[in-house]
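This report examines the interior, one strand and the charged pairs of a single protein chain. Please consult the sequence and the structure shown here alongside the text.

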Amino acid sequence: MDATSAGPPEVSALAINVVIPPELRWTDVRRGEEFELQSLTVRLLPDHSVAVKAYGRPVAGGRGAYVSFAMPDRPELRALVDAAANRAADLWATNTGLG
């Protein structure tokens with residue numbers, strides 16, 4: 001019995017990690033500590049919309065906590081998410097399998 005005989009596999013989540021270019025980064029404060037947001041995690045939801053969380057490092061240095069922040073609703077960040085989703089789709093479409 002092959003994997004496709006029971007129908008397509010159920011994929012429960014799709015996510016990509018996107019580096020925020022330095023010129024688009026911003027800072028935010030959580031628990032009294034300022035963070036520079038450097039990456040986005042973009043998740044494709046079951047309804048085909050996306051959810052985005054931003055992650056970064058404490059401005060003062062060190063690792064700090066792994067804390068998510070909301071992405072500001074800025075056109076240039078929306079464009080980054082759209083471009084990254086399209087790039088990820090292209091990469092997945094040309095994957096070479098487990099090799």
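The account below turns from the nonpolar core to strand β3, then to the surface patch and the salt bridges. The model is a predicted one.

**Nonpolar core**

The largest nonpolar core holds 18 residues, of which Val18, Trp26, Leu40 and Val42 touch the most other members. Two or more residues come from each of β1 (14-19), β3, β4 (50-58) and α1 (75-93). The greatest contribution is that of α1, with five residues. In soluble globular proteins, nonpolar side chains tend to be buried together.

Val42 illustrates how such a core member is surrounded. Neighbours within four places in sequence aside, Val42 is in contact with Leu14, Ala15, Ile16, Val18, Val50, Ala51, Val52 and Val81.

**Strand β3**

Strand β3 spans residues 33-44 and includes Leu44. Ser39 also belongs to strand β3, as does Thr41.

Is Thr41 buried or exposed? Thr41 counts as buried because its relative accessibility is 18%, under the 20% limit for that class. The Thr41 side chain makes a polar contact of 3.1 Å with the side chain of Asn17. With neighbours within four places in sequence left out, the contacts of Thr41 are Ile16, Asn17, Ala51, Val52, Lys53 and Tyr55.

Ser39, by contrast, counts as partly exposed, at 25% relative accessibility. Again leaving aside neighbours within four places in sequence, Ser39 is in contact with Val18, Ile20, Lys53, Ala54 and Tyr55. A separation of 8.6 Å divides the C-alpha atoms of Ser39 and Pro21, which are 18 residues apart along the chain.

**Surface patch**

Which residues make the nonpolar surface patch of about 330 Å²? Val11, Leu14, Leu44 and Val50 form this patch. Leu44 is partly exposed, having a relative accessible area of 35%; this value satisfies the requirement of over 30% for patch residues.

**Salt bridges**

The structure holds two salt bridges, listed here with the distance between the closest N and O atoms.

| Salt bridge | Closest N and O atoms |
|---|---|
| Asp73 with Arg78 | 2.7 Å |
| Arg74 with Glu76 | 2.8 Å |

The partners vary in accessibility. Asp73 is exposed, with a relative accessible area of 60%, and its partner Arg78 counts as partly exposed at 49% relative accessibility. In the other pair, Arg74 counts as partly exposed at 22% relative accessibility, and Glu76 likewise counts as partly exposed, at 35%.

Methods. Residues numbered from 1 in each chain as written. Predicted model: local features only at pLDDT ≥ 70, side-chain atom pairs only at ≥ 80, totals over all residues. Heavy atoms only, no water. Patch = residues over 30% accessible without salt bridge, like charges linked within 9 Å, V, L, I, M, F, W, Y side chains within 5 Å. Areas by Shrake-Rupley, 256 points an atom, 1.4 Å probe, with all protein chains shown as cover. Salt bridge = Lys/Arg side-chain N within 4 Å of Asp/Glu carboxyl O. Helix = DSSP H or I, 4+ residues; strand = E, 2+ residues; numbered from the N terminus. Buried < 20%, exposed > 50% of the residue type's maximum accessible area, 1.4 Å probe, protein only. Core = buried A, V, L, I, M, F, W, Y, C linked by side-chain atoms within 4.5 Å. Contact = heavy atoms within 4.5 Å. Polar contact = N/O pair within 3.5 Å; in protein donor to acceptor, adjacent residues only side chain to side chain.
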